[in-house]
Amino acid sequence: MPFGGGFVDWEASFDGMKETNYNVPCLLDLWLENSETVAVTRAEIKKTPDNFYPLIEKTGLR
């Protein structure tokens, strides 16, 4: 599933990081199930920054 398509409330998570002055590296682990091809998987992963960075900007982490 693409970033934002699951159950994690990313905005609340990022807000919490901002409120607690979280200032260490963070790892985002991505996986896609049931992708028809490797090309589909790669295309979905490449979309992640387009979804991820605007949310970071919105919550003021960047």
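**Notebook: aromatic cluster, core and second pocket**

I began with the rings and found that ring pairs link Trp10, Phe14, Phe52 and Tyr53 into a cluster. I note at the outset that the model is predicted.

**Entry 1. Ring pairs**

I looked up the number of aromatic pairs, and the structure holds 3. For Phe14 and Phe52, I read a centre separation of 5.6 Å and an angle of 75° between the planes, so I entered this pair as edge-to-face, the class for angles over 60 degrees. I then located the two partners: Phe14 belongs to helix H1 and Phe52 to helix H2, and the pair links distant parts of the chain, 38 residues apart.

I continued with Phe52 and Tyr53, which also form an edge-to-face pair, with 5.7 Å centre to centre and 65° between the planes.

**Entry 2. Accessibility of the ring residues**

Which side of the burial cut-off does each residue fall on? I took buried to mean under 20% relative accessible area. Phe14 has 3% relative accessibility and therefore counts as buried. Phe52 has 16%, so I entered Phe52 as buried too. Tyr53 has a relative accessible area of 40% and is therefore partly exposed, since that class lies between the 20% and 50% limits.

**Entry 3. Nonpolar core**

I next asked which residues make up the largest nonpolar core. I found 5 of them: Phe14, Met17, Phe52, Leu55 and Ile56. Helix H1, spanning 10–19, and helix H2, spanning 38–59, each supply at least two residues of this core. H2 gives the most, with 3 residues. For background, I recorded that nonpolar side chains tend to be buried together in soluble globular proteins.

I also checked the contacts of Ile56, setting aside residues up to four places away in sequence. On that basis Ile56 touches Phe14, Leu61 and Arg62.

**Entry 4. Second largest pocket**

I read a volume of about 170 Å³ for the second largest pocket. What lines this pocket? I listed Phe14, Met17, Tyr22, Asn23, Val24, Pro25, Cys26, Leu28, Phe52, Ile56 and Leu61. H1 and H2 each supply at least two residues of the lining. By type, I counted 10 nonpolar residues, 1 polar residue and no charged residue in the lining.

I compared this list with the earlier entries. Phe14, Met17, Phe52 and Ile56 belong to the largest nonpolar core and are among the residues lining the second largest pocket. Leu61, which Ile56 touches, is also one of the lining residues.

Technical notes: Residues are numbered from 1 along each chain as its sequence is written. This is a predicted model: local features need pLDDT of at least 70, side-chain atom pairs count only at pLDDT 80 or more; totals for chains, interfaces and linings use all residues. Side-chain values use heavy atoms; hydrogens and water are left out. A nonpolar core is a set of buried Ala, Val, Leu, Ile, Met, Phe, Trp, Tyr and Cys residues joined through side-chain atoms within 4.5 Å. Buried means under 20% relative accessible area, exposed over 50%, partly exposed in between (1.4 Å probe, protein chains only). Helices (H or I, at least four residues) and strands (E, at least two) are DSSP runs, numbered from the N terminus. Contact means heavy atoms within 4.5 Å. Rings of Phe, Tyr and Trp (its six-membered ring) pair if their centres lie within 6.5 Å; planes under 30 degrees apart count as stacked, over 60 as edge-to-face and the rest as tilted. On a 1 Å grid over the protein atoms alone, a cavity is a set of points where a 1.4 Å probe fits but cannot get out, and a pocket is an open set with protein on both sides within 12 Å along at least five of seven lines; lining residues have an atom within 4 Å of a point. Grid points are joined across faces, edges and corners, and a volume is the space filled by probe spheres set on the points. Ala, Val, Leu, Ile, Met, Phe, Trp, Tyr, Cys and Pro count as nonpolar, Asp, Glu, Lys and Arg as charged, and the others, Gly among them, as polar.
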